[in-house]
Amino acid sequence: MAGSRPLRADAVRNRTKILAAAREQITLHGPDVPMDAIAEAAGVAVGTLYRHFPTKTDLVGAVIAEHSETITVDIEAAAARVGEGSRAMAEITRLAERTIEAAARDRSVKAAAQTLGAAHWTERQEQRFRAAMERIIAAAVADGDLRPDVTVDDFLMLVLTAPTDQEPAVRSRWLALFLAGFTVRADQGAGGA
């Protein structure tokens, strides 16, 4: 058993290097980057890459799952901050900003996922994401900042329709306009006109 322990640590290191290289190479060169280029960038043999990820879909799926887990953990942390007294609408705004900027950086990875059919969220990640967002949304509604008809799916629509191919100033303005449609004040202003 003791002899297999270093191999296990090596395998974990190799997997981490492969995922980082895949993210970087797909972002730099697009979804058609060859697997051997990813292996070279990771500093591993092509066979090592294929032992961890038998297909490019598996590799891109793992990169996306890692990205989705980061977002899920971020949303859960925001929900915890709301539970500790942070203003929910401020957390929604910051979450949207971080998520959209991450999507802007990883556009090629997402394109590869769509091209190859790699899943974006595991079922468990989606459950966790939805539960945390529901708590944040309920708190923002209770604070009187968010329209009561806003749902988790509306937040997903915000993120999925973001102009991630535009400059940061355009993304920022787009987000401000989109979020204005979520707020009670924007709703009241439209009703009063």
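This report describes the confidence, the salt bridges and the aromatic pairs of a predicted model.

Residues are numbered from 1 along each chain as its sequence is written, and side-chain values use heavy atoms, with hydrogens and water left out. Since the model is predicted, local features need pLDDT of at least 70 and side-chain atom pairs count only at pLDDT 80 or more, while totals for chains, interfaces and linings use all residues.

**Confidence**

The mean pLDDT of the protein is 86, and 87% of its residues reach 70 or more, pLDDT being the predictor's confidence in each residue, from 0 to 100. Among the elements, helix 2 (residues 35–42) has the highest mean pLDDT, 95, and helix 10 (residues 184–192) the lowest, 49; helices here are DSSP runs of H or I with at least four residues, and strands are runs of E with at least two, numbered from the N terminus. Over residues 1–6 the pLDDT is below 50, and this stretch has zero contacts in the model beyond near neighbours in sequence, where a contact means heavy atoms within 4.5 Å. Residues 186–193 also have pLDDT under 50, and for them the model has three contacts beyond four places in sequence.

**Salt bridges**

Side chains of opposite charge can pair when their charged atoms come close. A salt bridge is counted where a side-chain nitrogen of Lys or Arg lies within 4 Å of a carboxyl oxygen of Asp or Glu, and by this rule the count comes to 13. The table gives three of these pairs, with accessibility classed as buried (under 20% relative accessible area), exposed (over 50%) or partly exposed (in between), using a 1.4 Å probe and protein chains only.

| Salt bridge | N to O distance | Acid, relative accessible area | Arginine, relative accessible area |
|---|---|---|---|
| Aspartate 145 – arginine 87 | 2.8 Å | Aspartate 145: 6%, buried | Arginine 87: 44%, partly exposed |
| Aspartate 153 – arginine 130 | 2.6 Å | Aspartate 153: 43%, partly exposed | Arginine 130: 24%, partly exposed |
| Aspartate 149 – arginine 147 | 2.7 Å | Aspartate 149: 44%, partly exposed | Arginine 147: 23%, partly exposed |

Salt bridges that share partners also join Glu69, Glu76 and Arg128 into one network.

Returning to the salt bridge between aspartate 145 and arginine 87, aspartate 145 lies in the loop between helix 7 (123–142) and helix 8 (152–160), and arginine 87 in the loop between helix 4 (56–83) and helix 5 (88–105), so the pair ties together parts that are 58 residues apart in sequence. In the salt bridge of arginine 130 with aspartate 153, arginine 130 lies in helix 7 and aspartate 153 in helix 8, so this pair ties together parts that are 23 residues apart in sequence.

**Aromatic pairs**

The structure holds three aromatic pairs, for which rings of Phe, Tyr and Trp (its six-membered ring) must have centres within 6.5 Å, with planes under 30 degrees apart counted as stacked, over 60 as edge-to-face and the rest as tilted. The rings of phenylalanine 129 and phenylalanine 155 have their centres 6.5 Å apart and their planes at 40°, so the pair is tilted. This pair links distant parts of the chain, 26 residues apart, with phenylalanine 129 in helix 7 and phenylalanine 155 in helix 8. Phenylalanine 129 is buried, with a relative accessible area of 3%, and phenylalanine 155 is buried, with a relative accessible area of 3%.

Tryptophan 174 and phenylalanine 178 form a tilted pair, 4.9 Å centre to centre and with 45° between the planes. Both residues lie in helix 9 (residues 168–180), four residues apart, about one turn of the helix. Ring pairs link Trp174, Phe178 and Phe182 into a cluster.
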